[in-house]
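The exercises below are meant to be worked with the sequence and the model side by side. Try each task before reading its solution.

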Amino acid sequence: AYHKEMQLNKMKSDFLANMSHEIRTPFNAVVGFSEIVDESMASGDIEMLRDLMDSMKEVLGRALNLFTNIVEVSHIEAGEVEFDKVDLNCNQVIRNVYQKMIAEAERKKLEFTANISEEDCIIEIDWVKLEKIISSLVDNSIKYTSQGYIYLGTKHLGDKVEITISDTGVGIEQNQIERLLKPFTQEVEGYTRPFEGAGLGMTIAYKLTLLMNGEFNITSQKNKGTKITILFPAAGGEILMD
């Protein structure tokens with residue numbers, strides 16, 4: 001009982017440290033940017049103002065994403081998630097995510113490869129939530145990879161469809177994988193952790209996958225990379241395409 005109480009207290013402390021850091025950081029940045037905006041307006045430096053607006057949009061986008069994920073995970077934990085399922089060729093979703101995120105990978109000089117099956121990969125799925133799952137996992141791969149590659153692929157395996165996201169990033173210790181599937185956790189906690197984020201992306205992807213009758217598997221090796229494989233039952237019926 002004592003050990004469990006100590007563990008709960010640590011989890012609470014880690015949560016407060018992570019959330020206070022994640023909320024304060026973007027708003028401190030906005031305050032700093034606003035001061036530079038005043039200076040730029042006074043000097044008539046239009047180019048600087050344009051650069052500042054782009055930076056402010058990026059920072060506020062990060063804050064909005066944080067709040068969106070908090071709401072999403074709270075709905076999942078409360079069992080209040082609603083699904084609008086259709087028979088969908090998931091290759092289209094994979095292509096959409098790849099096109100949206102390739103620029104971010106290129107900014108980090110990472111090789112981002114998409115190997116999409118030529119065969120239709122039809123699954124009964126909520127399109128929006130599937131895109132949320134894949135986007136969250138690819139975003140994590142880009143965040144935690146400093147050199148090498150990101151791989152995104154689909155494959156039809158008999159009565160199942162497989163979606164794979166792999167990278168050459170920092171990897172995860174085997175004894176940490178189960179813990180990282182819980183909300184608000186990172187492998188390194190507190191203000192000194194080397195990566196930003198509230199630790200929600202992996203949790204949301206994992207839980208949404210299970211709620212849509214999928215399987216979620218992680219294999220990882222520290223400093224070697226991570227591979228996540230998602231399996232959904234293959235479906236028939238009318239196909240929803242773009």
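**Exercise 1. Find which residues of H3 are buried, and then find what they pack against.**

Step one is to list the residues of helix H3 that count as buried (under 20% relative accessible area, with over 50% called exposed and partly exposed in between, using a 1.4 Å probe and protein chains only). In H3 these are Asn91, Gln92, Val93, Ile94, Val97, Tyr98, Met101, Ile102 and Ala105. An α-helix has 3.6 residues a turn, so residues three or four places apart point the same way.

Step two is to look for their partners, where contact means heavy atoms within 4.5 Å. The buried residues of H3 pack against strand S1 (85–89), strand S2 (111–115), helix H4 (127–143), strand S4 (149–157) and strand S5 (160–167). Helices (H or I, at least four residues) and strands (E, at least two) are DSSP runs, numbered from the N terminus.

Before going on, note that this is a predicted model, in which local features need pLDDT of at least 70 and side-chain atom pairs count only at pLDDT 80 or more, while totals for chains, interfaces and linings use all residues. Residues are numbered from 1 along each chain as its sequence is written, and side-chain values use heavy atoms, with hydrogens and water left out.

**Exercise 2. Compare the span of H3 with the expected one, and locate its kink.**

The expected span of a helix is 1.5 Å times one less than its number of residues. Helix H3 (residues 91–107) has 17 residues and should therefore span 24 Å, which agrees with the 25 Å between its end C-alpha atoms. There is nevertheless a kink of about 40 degrees in H3, centred on Met101, where the bend at a residue is the angle between axes fitted to the seven residues ending there and the seven starting there. Just after H3, Lys109 takes a positive phi of about 60 degrees.

**Exercise 3. Describe the open sheet: what is the order of its strands, and which strands lie at the edges?**

Two strands pair if DSSP finds at least two bridges between them. The open sheet has five strands in the order S2-S4-S5-S7-S6, with mixed pairing. Its edge strands are S2 and strand S6 (215–221), each of which pairs on one side only. Neighbouring strands of this sheet are turned by 10 degrees against each other on average, direction ignored.

Within the sheet, S5 and strand S7 (residues 225–233) run antiparallel and are joined by eight bridges, and Asp167 stands opposite Thr226 in S7. H3 packs on the sheet, touching S2, S4 and S5, and its direction makes about 170 degrees with that of S2; axes are lines fitted to C-alpha atoms, for helices over the stretch in contact, and angles run from 0 to 180 degrees between N-to-C directions. Helix H6 (residues 201–211) lies across S6 and S7, running at about 140 degrees to S6.

**Exercise 4. Is Thr164 buried or exposed, and what does Thr164 touch?**

Thr164 has its place in strand S5. Thr164 counts as buried because its relative accessibility is 8%. Leaving out residues up to four places away in sequence, Thr164 touches Tyr151, Leu152, Gly153, Lys227, Ile228 and Thr229.

**Exercise 5. Work out which residues have the most contacts inside the largest nonpolar core, and then place Phe33.**

A nonpolar core is a set of buried Ala, Val, Leu, Ile, Met, Phe, Trp, Tyr and Cys residues joined through side-chain atoms within 4.5 Å. The largest one has 42 residues, and Leu130, Ile134 and Ile230 have the most contacts inside it. H3 gives the most to this core, with seven residues. Apart from it lies another core, of seven residues, among them Phe33, Leu49, Leu52 and Met56.

Phe33 itself is placed in helix H1 (residues 2–43) and is buried, with a relative accessible area of 18%. Phe33 touches Leu52, Ser55, Met56 and Val59, not counting residues up to four places away in sequence. Although Phe33 and Ser55 are 22 residues apart along the chain, their C-alpha atoms are separated by 8.3 Å. Leu52, Met56 and Val59 are among the buried residues of H2, and helix H2 (residues 46–77) reaches 47 Å from its first C-alpha to its last, close to the 46 Å expected.
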